[in-house]
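This briefing goes through one protein model residue by residue and then turns to its core, its pocket and its overall fold.

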Amino acid sequence: MGEMGSLLPFVLMFVVVYFFMIAPQMKRAKKEKKFAAELKKGDRIVTKSGLHGKVVELNDKDNSCVIETLAGKLKFDRTAISMEMSSKLNTPAVAAKK
């Protein structure tokens, strides 16, 4: 019984860490991967570095996309696109303003 009682705090700590840190991180990664896979031409996006643009070309071979900005066309990896900011850009309220 003493050995079981000494292991219980470690087991509980692992369970807490899993449900509050590991599981949400895995869920977020899965959601971002789905977002990158669902990108399509014409989507208005923001990169993680803050660059605003519109997707003009998608390349499935190297998982990249070409983004048209005010500075011209730039090639980015799909993982460099911010899911949170791009989702805010594509909301109906923002789209109605444009």
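Ile67 lies in strand β3 of this predicted model. Its relative accessible area is 1%, under the 20% limit, so Ile67 counts as buried. The points below start from Ile67 and move on to the nonpolar core, the loops and the largest pocket.

**Ile67 and the nonpolar core**

- Leaving aside neighbours within four places in sequence, Ile67 is in contact with nine residues that can be listed in chain order: Ile45, Thr47, Gly53, Lys54, Val56, Gly72, Lys73, Leu74 and Phe76.
- One of these contacts, Lys54, is 13 residues from Ile67 along the chain, and the two C-alpha atoms are separated by 5.4 Å.
- Ile67 belongs to the largest nonpolar core, which has 9 residues.
- The other members of that core are Phe35, Leu39, Ile45, Val55, Cys65, Phe76, Ile81 and Met83.
- In soluble globular proteins, nonpolar side chains tend to be buried together.
- Leu39, also in this core, touches Ile45, Leu58, Arg78 and Ile81 when residues up to four places away in sequence are not counted.
- Ile45, another core member, is 45 residues from Asn90 in sequence, while their C-alpha atoms are 8.2 Å apart in space.

**Arg78 and Ser82, in the loop between β4 and α2**

- Arg78 is found in the loop that runs between β4 (72-77) and α2 (83-89).
- Is Arg78 buried or exposed? With a relative accessible area of 6%, Arg78 falls under the 20% limit and is therefore buried.
- A polar atom of the Arg78 side chain lies 3.2 Å from the backbone oxygen of Ala36.
- Ala36 is also among the residues in contact with Arg78 once neighbours within four places in sequence are left aside; the others are Ala37, Leu39, Leu58, Asn59, Asp60, Asn63, Ser64 and Cys65.
- Ser82 lies in the loop between β4 and α2 as well.
- The relative accessible area of Ser82 is 9%, so Ser82 is buried.
- Apart from neighbours within four places in sequence, Ser82 is in contact with Phe35, Val46, Thr47 and Lys48.

**Asn63 and Asn90, two further loop residues**

- Asn63 is found in the loop between β2 (52-59) and β3 (64-69).
- The phi angle of Asn63 is near 55 degrees, a positive value in a residue other than glycine.
- Asn63 has 35% relative accessibility, which lies between the 20% and 50% limits and so makes it partly exposed.
- Asn90 sits in the loop between α2 and α3 (92-97).
- Asn90 has a relative accessible area of 40% and is therefore partly exposed.

**The largest pocket**

- The largest pocket holds about 160 Å³ of space.
- Which residues line the largest pocket? They are Glu32, Lys33, Phe35, Ala36, Ala37, Lys48, Asn63, Arg78, Thr79, Ile81 and Met83.
- Helix α1 (residues 2-37) gives the most to this lining, with 5 residues.
- By class, the lining has 5 nonpolar, 4 charged and 2 polar residues.
- Phe35, Ile81 and Met83 appear in this lining and are also members of the largest nonpolar core.
- Arg78 and Asn63 are both in the lining, and Arg78 is in contact with Asn63.

**The protein as a whole**

- The secondary structure comes to 3 helices and 4 strands.
- Along the sequence, these elements follow the pattern α-β-β-β-β-α-α.
- Of the 98 residues in the protein, 21% are buried.
- Contacts between residues at least 6 apart in sequence include 33% that join residues at least 24 apart.

Technical notes:
Residues are numbered from 1 along each chain as its sequence is written. This is a predicted model: local features need pLDDT of at least 70, side-chain atom pairs count only at pLDDT 80 or more; totals for chains, interfaces and linings use all residues. Side-chain values use heavy atoms; hydrogens and water are left out. On a 1 Å grid over the protein atoms alone, a cavity is a set of points where a 1.4 Å probe fits but cannot get out, and a pocket is an open set with protein on both sides within 12 Å along at least five of seven lines; lining residues have an atom within 4 Å of a point. Grid points are joined across faces, edges and corners, and a volume is the space filled by probe spheres set on the points. Helices (H or I, at least four residues) and strands (E, at least two) are DSSP runs, numbered from the N terminus. Ala, Val, Leu, Ile, Met, Phe, Trp, Tyr, Cys and Pro count as nonpolar, Asp, Glu, Lys and Arg as charged, and the others, Gly among them, as polar. A nonpolar core is a set of buried Ala, Val, Leu, Ile, Met, Phe, Trp, Tyr and Cys residues joined through side-chain atoms within 4.5 Å. Buried means under 20% relative accessible area, exposed over 50%, partly exposed in between (1.4 Å probe, protein chains only). Contact means heavy atoms within 4.5 Å. A polar contact is a pair of N or O atoms within 3.5 Å; within protein, one must be able to donate a hydrogen and the other to accept it, and residues adjacent in sequence count only if both atoms are side-chain atoms.
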